[in-house]
Amino acid sequence: MSSNSVFKNSQEVINQEASSIAKTFNRQPVVWVKGEGSRLWDKEGKSYLDFFSGHAVMDLGYNHPAQMAAMQAQLQALPHTGNLYYTEPQVELAKRLAEASFGDKVMFSNSGAEIIELAIKLARKWAKRERPDEKRYEIITMKGSFHGRTYGALTATAQEKYHKGIEPMLPGFKYVPFNNFVAVASGITNQTCAIMVEPVQGEGGLMPADKKYLQSLRTLCDQNHLLLIFDEIQCGLGRLGTRHAYEWFGVTPDVMLVAKPLGGGLPISALVTRADVATALQVGDHGSTFGGNPVAAAAGCVLLEELSKPGFLDQVRATGEYLAAKLGELAAQHPNLVKEVRGAGLMLGMELKHSGPEAVRQALQKGLVINCTAGHVLRLLPPLIIGKPEVDEACLILKQVFEALERAKEE
Ligand SMILES: Cc1ncc(COP(=O)(O)O)c(C=O)c1O
């Protein structure tokens, strides 16, 4: 890292963080200074294999040559103009997103949460336009979901722990159990305007939706003239081994939301929809100083180009299957520790019976970056560029961690 760093070592950074930054995160005790491909380096020069990608963001790995070149060129030429003017990367990214999906029109924002907000507004405006005599504003969301930290997105997030202490939440949301079609069907009233679902719940513990369930939601929305919104912010853009998550399930939504990996590490998010739905929003209904920033958009264009290269997604699927099989072997060797392996593509979860956070800590010490969500579910979200050697390396470390955890349990 920069030789002019004000901090002598990692511990100094960690100590300063504790005194300068309010504590809202449980951070791992590591200071990242460099990334290359699927590897990260800490301030002391130790290298780690990254199976988390900064929360499913670094899909092409760190320092991807084409993505870096595009970002650097745009940064030098023009980092920002705002949305009262045109920039080429934003328009090109919209074109690519629409061409590579069911959509015709795209709207941009900065983060996952902000694009959820836009989807909420779009659904309500669309319902008002479609049925002006009715009062339809309610969105049905799924228990265990996660949609972001702004008030609308957080209210859509059907997990009580995120609402605790900040109530009242916003009106206009109904929560039903995930993967339960009957609950959704019976939750529809003359106030419902949309159903929003993550095809694979990420924060909720790597829970894939059943294909049949999503297909039935599609039919339900058609029959009741409701919008079907897929939050693909974590599971989209190649993560499942298809360009979009909806393709993996064979179910086309009316609105798709993407974010995390779109900007190659810079914040950008997009809502993709059909032209007939997009027209429910008019000039003045959406705005953002930074949304669709040209540097982030230039990174997004490279990501979409890479995803569409022959063999790229086949490789993601093959590596995902190989990883899932190796995790399955580990699970079979440790039945007292591992409850289940689940997920799709390179979005895999391993539910432990205990010691999830401890497994993450020990893996990090041994040079593997993973995460734990929903209590004890180990979450593996490696960059999409990894291959079998990285999978073997990660699984060897996990094996050592699991053996150590079982030994400790016996003592
Ligand atoms: C499925 C899903 N939706 C929305 C969000 C919110 O995204 P952001 O943190 O960029 O606001 C996340 C973040 O983890 C997510 O996983």
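Ala, Val, Leu, Ile, Met, Phe, Trp, Tyr, Cys and Pro count here as nonpolar, Asp, Glu, Lys and Arg as charged, and the others, Gly among them, as polar. The model is predicted, so that local features need pLDDT of at least 70 and side-chain atom pairs count only at pLDDT 80 or more, while totals for chains, interfaces and linings use all residues. Residues are numbered from 1 along each chain as its sequence is written.

**View A. The shell around the ligand.** The ligand is surrounded by 14 residues (C-beta atom, placed from the backbone, within 6 Å of it), the closest being Gly112, Ala113, Gly148, Ile233 and Gln234. By class, the shell comprises five nonpolar, six polar and three charged residues. Helix H5 (residues 112-130) gives the most to this shell, with three residues; helices (H or I, at least four residues) and strands (E, at least two) are DSSP runs, numbered from the N terminus.

**View B. The two faces of helix H9.** Leu214, Leu217 and Cys221 of H9 are buried (20 or more other C-beta atoms within 10 Å of a residue's own, against 12 or fewer for exposed and partly exposed in between, with C-beta atoms placed from the backbone). Seen down the axis of H9, these buried residues fall within an arc of 50° (taken from the directions from the helix axis to the C-beta atoms), so they line one face of the helix. The face turned away from the buried side of H9 carries exposed Lys212, Asp222 and Gln223.

**View C. The end of H9.** H9 is followed by His225, whose phi is positive, near 55°.
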